[in-house]
Amino acid sequence: MYNLRAEIEQNLDIAYSLIHTAPDEAMRLAGFAQQRADSMAASAAQTRAALIIALAFRAMPTANVDERVHAAQQASQLALHHNQGEAWVAAQDCWADVCYDQGHYGEAMDLWLQLLEAGLENQWFDAIARAYIGIGKLFFIYDDPNSCLATHLKVAPLLGKIARLDLHVCHHINVAAAQLHLRNDAASHAALDRAQAVLQTLAFCEYEPELYYYRAHLLRNVGDNSAAKQQLERALALSARSSNYWGKVVNMIALGELHLEQNETHASHYFMQQALNMAQEIPAKYLVMLAHGGLAQSYAAKGQTDLEFSHWQQHFALAEEIKADEMSARLATFKRHSLLQRVHELEQCFA
(Lines give C-alpha, C1' and ligand atoms only; values in the text may rest on other atoms or scores of the structure.)
Protein backbone atom coordinates (compact mmCIF):
# COMPACT_ATOMS: atom_id res chain seq x y z
CA MET A 1 0.00 0.00 0.00
CA TYR A 2 1.35 3.39 -1.01
CA ASN A 3 2.25 5.54 2.02
CA LEU A 4 2.43 9.25 1.14
CA ARG A 5 3.36 10.29 4.67
CA ALA A 6 6.36 7.94 4.66
CA GLU A 7 7.48 9.34 1.29
CA ILE A 8 7.24 12.90 2.61
CA GLU A 9 9.27 12.07 5.73
CA GLN A 10 11.93 10.23 3.74
CA ASN A 11 12.27 13.14 1.32
CA LEU A 12 12.64 15.50 4.28
CA ASP A 13 15.26 13.25 5.87
CA ILE A 14 17.28 13.29 2.64
CA ALA A 15 16.82 17.05 2.24
CA TYR A 16 18.03 17.69 5.80
CA SER A 17 21.17 15.60 5.21
CA LEU A 18 22.02 17.68 2.13
CA ILE A 19 21.66 21.17 3.64
CA HIS A 20 25.39 21.87 3.90
CA THR A 21 26.71 19.88 0.94
CA ALA A 22 23.99 20.43 -1.68
CA PRO A 23 21.64 23.19 -0.46
CA ASP A 24 20.01 23.57 -3.90
CA GLU A 25 18.97 19.92 -3.89
CA ALA A 26 17.92 20.12 -0.23
CA MET A 27 15.67 23.04 -1.14
CA ARG A 28 14.19 21.22 -4.15
CA LEU A 29 13.37 18.08 -2.15
CA ALA A 30 11.95 20.06 0.77
CA GLY A 31 9.83 22.14 -1.60
CA PHE A 32 8.44 18.98 -3.20
CA ALA A 33 7.71 17.46 0.21
CA GLN A 34 6.08 20.69 1.34
CA GLN A 35 3.66 20.62 -1.60
CA ARG A 36 2.68 17.05 -0.71
CA ALA A 37 2.31 17.99 2.98
CA ASP A 38 0.13 20.97 2.07
CA SER A 39 -2.24 18.67 0.19
CA MET A 40 -2.67 16.59 3.34
CA ALA A 41 -2.64 19.50 5.81
CA ALA A 42 0.21 17.70 7.58
CA SER A 43 1.33 20.56 9.81
CA ALA A 44 4.47 18.91 11.25
CA ALA A 45 5.80 18.07 7.77
CA GLN A 46 4.84 21.52 6.45
CA THR A 47 6.84 23.17 9.24
CA ARG A 48 9.80 20.85 8.90
CA ALA A 49 9.95 21.46 5.14
CA ALA A 50 9.85 25.24 5.68
CA LEU A 51 12.66 24.96 8.24
CA ILE A 52 14.84 22.90 5.88
CA ILE A 53 14.28 25.46 3.10
CA ALA A 54 15.30 28.26 5.50
CA LEU A 55 18.42 26.37 6.63
CA ALA A 56 19.35 25.66 3.00
CA PHE A 57 19.02 29.37 2.19
CA ARG A 58 21.23 30.16 5.20
CA ALA A 59 23.81 27.78 3.77
CA MET A 60 23.83 29.77 0.50
CA PRO A 61 25.38 33.19 1.20
CA THR A 62 25.19 33.95 -2.53
CA ALA A 63 21.37 33.67 -2.46
CA ASN A 64 19.22 36.78 -2.60
CA VAL A 65 19.18 38.46 0.81
CA ASP A 66 15.43 39.08 0.81
CA GLU A 67 14.76 35.44 -0.08
CA ARG A 68 16.98 34.22 2.75
CA VAL A 69 15.26 36.46 5.30
CA HIS A 70 11.78 35.60 4.00
CA ALA A 71 12.43 31.85 4.16
CA ALA A 72 13.67 32.05 7.77
CA GLN A 73 10.83 34.36 8.79
CA GLN A 74 8.26 32.09 7.16
CA ALA A 75 9.63 28.99 8.92
CA SER A 76 9.56 30.77 12.29
CA GLN A 77 6.02 32.01 11.83
CA LEU A 78 4.75 28.64 10.58
CA ALA A 79 6.28 26.83 13.56
CA LEU A 80 4.68 29.38 15.90
CA HIS A 81 1.31 29.00 14.16
CA HIS A 82 1.41 25.22 14.51
CA ASN A 83 2.69 25.44 18.10
CA GLN A 84 5.85 23.48 17.31
CA GLY A 85 8.34 24.81 19.84
CA GLU A 86 11.40 22.84 18.77
CA ALA A 87 11.01 23.89 15.13
CA TRP A 88 10.38 27.49 16.19
CA VAL A 89 13.62 27.57 18.17
CA ALA A 90 15.65 26.34 15.17
CA ALA A 91 13.85 28.68 12.75
CA GLN A 92 14.25 31.72 15.02
CA ASP A 93 17.96 30.99 15.42
CA CYS A 94 18.30 30.58 11.65
CA TRP A 95 16.53 33.93 11.09
CA ALA A 96 18.86 35.66 13.55
CA ASP A 97 21.90 34.05 11.91
CA VAL A 98 20.83 35.27 8.47
CA CYS A 99 20.48 38.83 9.83
CA TYR A 100 23.85 38.55 11.56
CA ASP A 101 25.57 37.31 8.38
CA GLN A 102 24.20 40.31 6.49
CA GLY A 103 25.44 42.76 9.13
CA HIS A 104 21.93 43.56 10.41
CA TYR A 105 23.02 43.29 14.02
CA GLY A 106 20.09 45.15 15.58
CA GLU A 107 17.59 42.72 14.02
CA ALA A 108 19.73 39.73 15.03
CA MET A 109 19.85 41.08 18.59
CA ASP A 110 16.05 41.36 18.82
CA LEU A 111 15.58 37.82 17.49
CA TRP A 112 18.12 36.23 19.84
CA LEU A 113 16.66 38.13 22.80
CA GLN A 114 13.20 36.77 21.89
CA LEU A 115 14.75 33.31 21.75
CA LEU A 116 16.38 33.80 25.15
CA GLU A 117 13.13 35.02 26.69
CA ALA A 118 11.16 32.04 25.35
CA GLY A 119 13.90 29.65 26.41
CA LEU A 120 14.07 30.99 29.97
CA GLU A 121 10.28 31.11 30.31
CA ASN A 122 9.72 27.54 29.04
CA GLN A 123 13.00 26.00 30.21
CA TRP A 124 13.95 25.19 26.62
CA PHE A 125 17.66 24.61 27.14
CA ASP A 126 18.37 24.33 23.42
CA ALA A 127 16.83 27.79 22.92
CA ILE A 128 18.78 29.31 25.82
CA ALA A 129 22.05 27.90 24.47
CA ARG A 130 21.40 29.10 20.91
CA ALA A 131 20.49 32.56 22.21
CA TYR A 132 23.63 32.86 24.35
CA ILE A 133 25.81 31.69 21.45
CA GLY A 134 24.25 34.32 19.18
CA ILE A 135 24.44 37.07 21.78
CA GLY A 136 28.08 36.14 22.43
CA LYS A 137 28.81 36.67 18.72
CA LEU A 138 27.14 40.09 18.93
CA PHE A 139 29.38 41.11 21.82
CA PHE A 140 32.35 40.17 19.61
CA ILE A 141 31.03 42.47 16.89
CA TYR A 142 30.44 45.19 19.48
CA ASP A 143 34.12 44.90 20.47
CA ASP A 144 33.45 43.64 24.00
CA PRO A 145 35.55 40.44 24.23
CA ASN A 146 35.00 39.99 27.96
CA SER A 147 31.20 40.02 27.67
CA CYS A 148 31.57 37.79 24.61
CA LEU A 149 33.43 35.14 26.61
CA ALA A 150 31.20 35.50 29.68
CA THR A 151 28.08 34.97 27.56
CA HIS A 152 29.48 31.91 25.79
CA LEU A 153 30.46 30.41 29.14
CA LYS A 154 26.81 30.60 30.28
CA VAL A 155 26.10 27.72 27.91
CA ALA A 156 28.47 25.32 29.70
CA PRO A 157 26.12 24.40 32.61
CA LEU A 158 23.33 23.64 30.10
CA LEU A 159 25.22 21.10 27.99
CA GLY A 160 24.13 18.11 30.09
CA LYS A 161 20.52 18.95 29.21
CA ILE A 162 21.09 19.46 25.47
CA ALA A 163 20.91 16.38 23.27
CA ARG A 164 22.17 18.05 20.07
CA LEU A 165 25.92 17.45 20.14
CA ASP A 166 26.57 19.88 17.27
CA LEU A 167 25.53 22.64 19.69
CA HIS A 168 28.13 21.34 22.16
CA VAL A 169 30.79 21.63 19.45
CA CYS A 170 29.59 25.11 18.47
CA HIS A 171 29.78 26.23 22.09
CA HIS A 172 33.31 24.91 22.67
CA ILE A 173 34.61 26.48 19.44
CA ASN A 174 33.08 29.86 20.29
CA VAL A 175 34.69 29.71 23.74
CA ALA A 176 38.01 28.86 22.08
CA ALA A 177 37.69 31.81 19.69
CA ALA A 178 36.86 34.20 22.54
CA GLN A 179 39.76 32.93 24.67
CA LEU A 180 42.10 33.26 21.69
CA HIS A 181 40.96 36.85 21.16
CA LEU A 182 41.78 37.55 24.83
CA ARG A 183 45.20 35.89 24.37
CA ASN A 184 44.33 33.04 26.73
CA ASP A 185 45.94 30.44 24.49
CA ALA A 186 45.95 27.57 27.02
CA ALA A 187 42.22 28.02 27.66
CA SER A 188 41.60 28.20 23.93
CA HIS A 189 43.51 24.94 23.42
CA ALA A 190 41.45 23.26 26.15
CA ALA A 191 38.16 24.37 24.59
CA LEU A 192 39.24 23.06 21.18
CA ASP A 193 40.18 19.74 22.79
CA ARG A 194 36.67 19.51 24.23
CA ALA A 195 35.18 20.28 20.83
CA GLN A 196 37.33 17.63 19.16
CA ALA A 197 36.30 15.00 21.70
CA VAL A 198 32.64 15.58 20.85
CA LEU A 199 33.34 15.72 17.11
CA GLN A 200 34.68 12.17 17.21
CA THR A 201 31.17 10.96 18.07
CA LEU A 202 29.52 12.73 15.10
CA ALA A 203 29.35 11.64 11.48
CA PHE A 204 29.19 15.28 10.34
CA CYS A 205 29.34 18.69 11.99
CA GLU A 206 29.21 21.98 10.11
CA TYR A 207 31.53 23.59 12.67
CA GLU A 208 34.44 21.16 12.28
CA PRO A 209 36.49 23.32 9.86
CA GLU A 210 36.47 26.13 12.42
CA LEU A 211 38.26 23.89 14.91
CA TYR A 212 41.26 23.51 12.59
CA TYR A 213 41.17 27.21 11.71
CA TYR A 214 41.58 28.19 15.37
CA ARG A 215 44.16 25.45 15.92
CA ALA A 216 46.15 27.09 13.13
CA HIS A 217 46.03 30.48 14.85
CA LEU A 218 47.29 28.95 18.09
CA LEU A 219 50.14 27.24 16.23
CA ARG A 220 51.05 30.51 14.50
CA ASN A 221 51.22 32.17 17.91
CA VAL A 222 54.04 29.79 18.88
CA GLY A 223 55.78 30.10 15.51
CA ASP A 224 54.90 26.66 14.14
CA ASN A 225 53.82 27.84 10.71
CA SER A 226 54.25 24.45 9.07
CA ALA A 227 51.76 22.78 11.41
CA ALA A 228 49.47 25.81 11.14
CA LYS A 229 49.44 25.45 7.38
CA GLN A 230 48.42 21.79 7.68
CA GLN A 231 45.51 22.75 9.93
CA LEU A 232 44.33 25.44 7.50
CA GLU A 233 44.60 23.03 4.56
CA ARG A 234 42.54 20.49 6.49
CA ALA A 235 39.89 23.11 7.24
CA LEU A 236 39.79 24.16 3.59
CA ALA A 237 39.51 20.55 2.39
CA LEU A 238 36.59 19.91 4.76
CA SER A 239 34.88 23.06 3.52
CA ALA A 240 35.34 22.15 -0.14
CA ARG A 241 31.99 20.40 -0.46
CA SER A 242 30.17 22.56 2.03
CA SER A 243 28.49 25.93 1.72
CA ASN A 244 30.64 27.58 4.39
CA TYR A 245 31.78 30.46 2.19
CA TRP A 246 32.86 32.65 5.10
CA GLY A 247 35.07 29.86 6.44
CA LYS A 248 36.63 29.25 3.04
CA VAL A 249 37.49 32.93 2.64
CA VAL A 250 39.14 33.35 6.05
CA ASN A 251 41.03 30.09 5.55
CA MET A 252 42.40 31.27 2.21
CA ILE A 253 43.41 34.63 3.66
CA ALA A 254 45.23 32.87 6.51
CA LEU A 255 46.97 30.56 4.02
CA GLY A 256 47.95 33.61 1.98
CA GLU A 257 49.46 35.20 5.08
CA LEU A 258 51.45 32.07 5.91
CA HIS A 259 52.84 31.80 2.38
CA LEU A 260 53.78 35.47 2.50
CA GLU A 261 55.71 34.94 5.76
CA GLN A 262 57.63 32.18 3.99
CA ASN A 263 58.34 34.49 1.05
CA GLU A 264 56.25 32.30 -1.27
CA THR A 265 54.74 35.27 -3.04
CA HIS A 266 53.09 33.41 -5.92
CA ALA A 267 51.22 31.07 -3.57
CA SER A 268 50.30 33.98 -1.33
CA HIS A 269 48.91 35.93 -4.28
CA TYR A 270 46.91 32.92 -5.45
CA PHE A 271 45.12 32.39 -2.12
CA MET A 272 44.48 36.11 -1.59
CA GLN A 273 42.98 36.43 -5.07
CA GLN A 274 40.77 33.37 -4.52
CA ALA A 275 39.67 34.86 -1.20
CA LEU A 276 38.79 38.16 -2.87
CA ASN A 277 36.83 36.44 -5.64
CA MET A 278 34.77 34.45 -3.16
CA ALA A 279 34.24 37.37 -0.76
CA GLN A 280 32.92 39.48 -3.65
CA GLU A 281 30.59 36.65 -4.65
CA ILE A 282 28.93 36.42 -1.24
CA PRO A 283 29.19 39.53 -0.94
CA ALA A 284 30.82 40.25 2.41
CA LYS A 285 32.24 43.76 2.68
CA TYR A 286 34.43 42.98 5.68
CA LEU A 287 36.01 39.97 3.97
CA VAL A 288 36.51 41.89 0.72
CA MET A 289 38.37 44.54 2.71
CA LEU A 290 40.62 41.90 4.32
CA ALA A 291 41.35 40.25 0.97
CA HIS A 292 42.30 43.57 -0.64
CA GLY A 293 44.72 44.18 2.23
CA GLY A 294 46.22 40.72 1.76
CA LEU A 295 46.60 41.22 -1.98
CA ALA A 296 48.26 44.58 -1.40
CA GLN A 297 50.87 42.89 0.81
CA SER A 298 51.39 40.12 -1.77
CA TYR A 299 51.97 42.65 -4.54
CA ALA A 300 54.32 44.62 -2.29
CA ALA A 301 56.42 41.48 -1.74
CA LYS A 302 56.56 40.97 -5.51
CA GLY A 303 57.64 44.57 -6.07
CA GLN A 304 54.49 45.49 -8.04
CA THR A 305 53.90 48.78 -6.29
CA ASP A 306 51.21 50.04 -8.68
CA LEU A 307 48.95 47.07 -7.93
CA GLU A 308 49.88 47.24 -4.26
CA PHE A 309 48.68 50.87 -4.16
CA SER A 310 45.44 50.01 -6.00
CA HIS A 311 44.49 47.30 -3.51
CA TRP A 312 45.42 49.43 -0.50
CA GLN A 313 43.14 52.13 -1.89
CA GLN A 314 40.26 49.68 -2.13
CA HIS A 315 41.07 48.26 1.30
CA PHE A 316 40.95 51.65 3.04
CA ALA A 317 37.90 52.82 1.07
CA LEU A 318 35.99 49.76 2.34
CA ALA A 319 37.29 50.32 5.86
CA GLU A 320 35.82 53.82 5.78
CA GLU A 321 32.50 52.48 4.47
CA ILE A 322 32.33 49.92 7.25
CA LYS A 323 33.17 52.56 9.82
CA ALA A 324 30.36 54.76 8.50
CA ASP A 325 27.85 51.90 8.46
CA GLU A 326 25.28 51.09 11.14
CA MET A 327 27.99 49.88 13.50
CA SER A 328 29.62 53.20 14.27
CA ALA A 329 31.58 53.26 17.52
CA ARG A 330 28.90 55.29 19.32
CA LEU A 331 26.06 53.02 18.20
CA ALA A 332 28.11 49.92 19.01
CA THR A 333 28.62 51.18 22.57
CA PHE A 334 24.89 51.91 22.93
CA LYS A 335 23.94 48.51 21.52
CA ARG A 336 26.41 46.73 23.78
CA HIS A 337 25.07 48.37 26.95
CA SER A 338 21.48 47.84 25.83
CA LEU A 339 22.16 44.17 25.17
CA LEU A 340 23.88 43.64 28.52
CA GLN A 341 20.97 45.28 30.33
CA ARG A 342 18.30 43.31 28.48
CA VAL A 343 20.04 39.97 29.06
CA HIS A 344 20.38 40.78 32.76
CA GLU A 345 16.69 41.75 33.00
CA LEU A 346 15.55 38.51 31.36
CA GLU A 347 17.77 36.40 33.60
CA GLN A 348 16.45 38.16 36.72
CA CYS A 349 12.86 37.86 35.55
CA PHE A 350 13.05 34.08 35.16
CA ALA A 351 15.55 33.34 37.94
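These legends go with a few close-up views of a predicted model.

**View 1. The largest nonpolar core, centred on Leu116 and Leu339.** This core counts 117 residues, and Leu116 and Leu339 are the ones that touch the most other members. Helix 5 (residues 85-101) chips in the largest share, with 11 residues. Nonpolar side chains in soluble globular proteins do tend to be buried together.

**View 2. Who sits around Leu339.** Leaving aside residues up to four places away in sequence, Leu339 is in touch with Met109, Leu113, Ile135, Leu138, Phe139 and Tyr142.

**View 3. Helix 2, end to end.** Helix 2 covers residues 23-40, 18 in total. At 1.5 Å a residue it should span 26 Å, and its end C-alpha atoms lie 25 Å apart, so the two agree. Its buried residues include Pro23, Ala26, Met27, Ala30, Ala33 and Ala37. Residues three or four places apart on an α-helix point the same way, because there are 3.6 residues a turn. Among the elements covering the buried residues of helix 2 are helix 1 (4-17) and helix 3 (43-58).

**View 4. Ala41, just past helix 2.** Ala41 belongs to the loop between helix 2 and helix 3. Its phi is near 55 degrees, a positive value in a residue other than glycine. Most residues other than glycine have a negative phi. Ala41 is exposed, with a relative accessible area of 60%.

**View 5. Asn83, in the loop between helix 4 and helix 5.** Here is another positive phi in a residue other than glycine: for Asn83 the angle is near 55 degrees. Asn83 is exposed too, at 71% relative accessible area.

Methods. Residues numbered from 1 in each chain as written. Predicted model: local features only at pLDDT ≥ 70, side-chain atom pairs only at ≥ 80, totals over all residues. Heavy atoms only, no water. Core = buried A, V, L, I, M, F, W, Y, C linked by side-chain atoms within 4.5 Å. Buried < 20%, exposed > 50% of the residue type's maximum accessible area, 1.4 Å probe, protein only. Helix = DSSP H or I, 4+ residues; strand = E, 2+ residues; numbered from the N terminus. Contact = heavy atoms within 4.5 Å. Expected span 1.5 Å × (residues − 1).
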